[in-house]
Amino acid sequence: MKKRAKLVCLPVFLLLCVYLIMKYDSRDVQLAVCGEGGSLCMTVMAGDMEQKLYPWYDEEEDLYYFFLPSFVNDSEIFFDQIWESGIEINGQAYRWGDSLAWKTGEIYQLQETGSDQCFRVSFLKSENLPAFFVSTDSGSLEYLHSDKENQEQGTLTAVTGDGTVEYHGGLDKISGRGNSTWDMPKKPYSITLPVAYSLGGLEAGQKWYLLALWYESDRIHSKLVYDMAQELGMDYAIQCTWVDLYCNGEYQGLYLLTEAVTVGDGRVEIQELEEGDSDISGGYLLEKDQTDGTDEGTQYIYTDYATFKICSPKQANEDQVNYIAGYMRWIESMILSGDEAYRNYVDLDSFADHLILENIALDDDGMVRSTFFYKDRGDDRLYLGPVWDYDRAMGEGYSGQYESEVFMVGMEAWYQALYADEEFYATVLSEYRKLRPYLQEIADGQIEAYADQIRASAAMDCTRWSAARDFTIQDYEESVGRLKAYLAERIEYLDGLWGEAP
């Protein structure tokens, strides 16, 4: 009888062991109290990848926030390396290996058993989005943030929302980017991989941008404009997706991962000029800028009405500079003189599409800076694109130009002349009417669908940066509602201009 009891107990014991091992292996979120003074940290796991997360401390609330990526288990947090005496959470005792069934947004008081040392902690979790974990070689962002031109190497781990490790490897470079955004507390970044690689489900590339969305309380409208450019069929329209960014274990916020505006496969696919090329007719990537042309190491060309920065080739020789400068002056003279021959040398569709997008977005920098042009080798035409930089747009800039009945013809000399040409005007009408059904889709549901996709991350971003963003709307739902109202007003106005044949 005793022998039979032993035989019955053995399988039960083995099943219990398997259960405990499986439970231990499933601990994708572990909380630890470590280091001098008993600081808090967490370990999150996806596959064979482990990442340390450190809380952000809100001094005003005396509260530590852990911002968790989408892929973690959203029901339990296990305890590892806690105080030897144990830990109490809201008065309940826990020891190593125990777990806490936590809820988003609730406040938990963590206290060392038998001690006065305690932390007030809250957990927020993303949904749906990939998480990017950047580790710099220095282990800090201090050097990068001290100057936009500074750069570091490091590693990048990209994990999809379902926990698939998409990329885990070297980071050739991370540096700052942007103009006015760089001076804000939440910084935008540029990252370069050792080789071209697909991130966030986007087309493979070596160089990527992480946009901080600082001026976008809705965190949506830049992506909407890039979506519109793709709907219009603009060549090299920017692909993008949202990600949660962590640097050296610290949550930086919700970012928009985008392709870089650069020449290369999967980007602006024009012939890249070399120093010794005999055919200097292309390719050139130019950016209209507003500058005195004194930026060190940057090459500029000038027409009577515009300044252009040469983005590619990076160091154009004298013949190349003279060629593209003469070409842009020639294009300008044809447009301004009303010479209809310009139609053979300016891509009407891309210029018309840009005019339409600027009048939907009412961008602060629209047609003033961050406006790109390219000319390829063996092609006499000038193209406008990729369209870029719409953070201070759709009612969220500071120029006061957001009344519903506003028509933008920035870069006035060029666009006023173009708009007066019947063929260009007809192209604008045709392209707007092609886009119009998609604008209705955005207004009827796409804005809300995007808001649903990023709402949890937007809440984390609002919490992390709310104290520093006192100049913007704090309530996320209010921001989304304002975006919907803005777009509805612009559609109504532009329908009055372009909705009916002249």
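This briefing describes the fold, helix packing, charged pairs and backbone details of one protein structure.

The model is predicted. The protein has eight helices and 23 strands, and 53% of its 502 residues count as buried. Among contacts between residues at least 6 apart in sequence, 65% join residues at least 24 apart.

**Helix H3 and its surroundings**

- Helix H3 covers residues 221-231, and nine of its eleven residues are buried, so the helix is largely enclosed by the rest of the structure.
- The buried residues of H3 are His-221, Ser-222, Lys-223, Leu-224, Val-225, Tyr-226, Asp-227, Met-228 and Ala-229.
- Their cover includes two strands, E17 (240-247) and E18 (250-259), together with the helices H5, H7 and H8.
- Just after H3, Gly-233 takes a positive phi of about 80°.

**Packing of H5 against H8**

- Helix H5 (348-361) follows a loop that begins after helix H4 (318-337) and contains Asp-347.
- H5 packs with helix H8 (residues 476-498) at an angle of about 135°, and the two axes are 9 Å apart.
- That angle makes H5 oblique to H8.
- On the H5 side, the contact is made by Ile-356, Asn-359, Ile-360 and Ala-361.
- On the H8 side, the residues are Tyr-486, Leu-487, Arg-490, Leu-494 and Trp-498.

**Asp-347, a buried charge**

- Asp-347 is buried yet has no salt bridge.
- The nearest side chain of opposite charge belongs to Arg-381, 4.3 Å away; a salt bridge requires the nitrogen and oxygen to be within 4 Å, so the pair does not count as one.
- The side chain of Asp-347 does make a polar contact with the side chain of Ser-350, at 2.8 Å.
- Leaving aside residues up to four places away in sequence, Asp-347 touches Arg-381, Leu-382 and Tyr-383.

**Salt bridges around Arg-343**

- The whole structure contains 18 salt bridges.
- Arg-343 forms a salt bridge with Glu-340, with the closest N and O atoms 3.8 Å apart.
- Glu-340 is partly exposed, at a relative accessible area of 48%.
- Arg-343 also meets Glu-423 in a salt bridge, at 2.9 Å from N to O.
- Glu-423 lies in helix H7 (residues 422-465) and Arg-343 in the loop between H4 and H5, so this pair ties together parts that are 80 residues apart in sequence.
- Glu-423 has a relative accessible area of 35% and is therefore partly exposed.

**Salt bridges between H7 and H8**

- Glu-448 forms a salt bridge with Lys-484, and the closest N and O atoms are 2.6 Å apart.
- This pair links distant parts of the chain, with Glu-448 in helix H7 and Lys-484 in helix H8, 36 residues apart.
- Glu-448 is partly exposed, with a relative accessible area of 29%.
- Lys-484 also counts as partly exposed, at 32% relative accessibility.
- Salt bridges with shared partners join Glu-448, Asp-452, Arg-455, Glu-477 and Lys-484 into one network.

**Strand E21 and Phe-308**

- Phe-308 sits in strand E21 (residues 307-312).
- Phe-308 is buried, with a relative accessible area of 0%.
- Leu-285 is 23 residues from Phe-308 along the chain, and their C-alpha atoms are separated by 9.7 Å.

**Cis peptide bonds**

- The peptide bond from Ser-312 to Pro-313 is cis, with omega near 5°.
- Pro-313 lies in the loop between E21 and H4.
- The peptide bond from Gly-385 to Pro-386 is also cis, with omega near -5°.
- Pro-386 lies in the loop between strand E23 (383-384) and helix H6 (412-419).

**Positive phi in residues other than glycine**

- Tyr-236 is not a glycine, yet has a positive phi of about 65°.
- The loop between H3 and E17 holds Tyr-236, which counts as partly exposed at 25% relative accessibility.
- Asp-389 is likewise a residue other than glycine with a positive phi, near 75°.
- Asp-389 is in the loop between E23 and H6 and is buried, with a relative accessible area of 15%.

Technical notes. Residues are numbered from 1 along each chain as its sequence is written. This is a predicted model: local features need pLDDT of at least 70, side-chain atom pairs count only at pLDDT 80 or more; totals for chains, interfaces and linings use all residues. Side-chain values use heavy atoms; hydrogens and water are left out. Helices (H or I, at least four residues) and strands (E, at least two) are DSSP runs, numbered from the N terminus. Buried means under 20% relative accessible area, exposed over 50%, partly exposed in between (1.4 Å probe, protein chains only). Lys and Arg count as positive and Asp and Glu as negative; His and the chain ends are not counted. A polar contact is a pair of N or O atoms within 3.5 Å; within protein, one must be able to donate a hydrogen and the other to accept it, and residues adjacent in sequence count only if both atoms are side-chain atoms. Contact means heavy atoms within 4.5 Å. Axes are lines fitted to C-alpha atoms, for helices over the stretch in contact, and angles run from 0 to 180 degrees between N-to-C directions. Angles under 35 degrees count as roughly parallel, over 145 as roughly antiparallel, 65 to 115 as roughly perpendicular and the rest as oblique.
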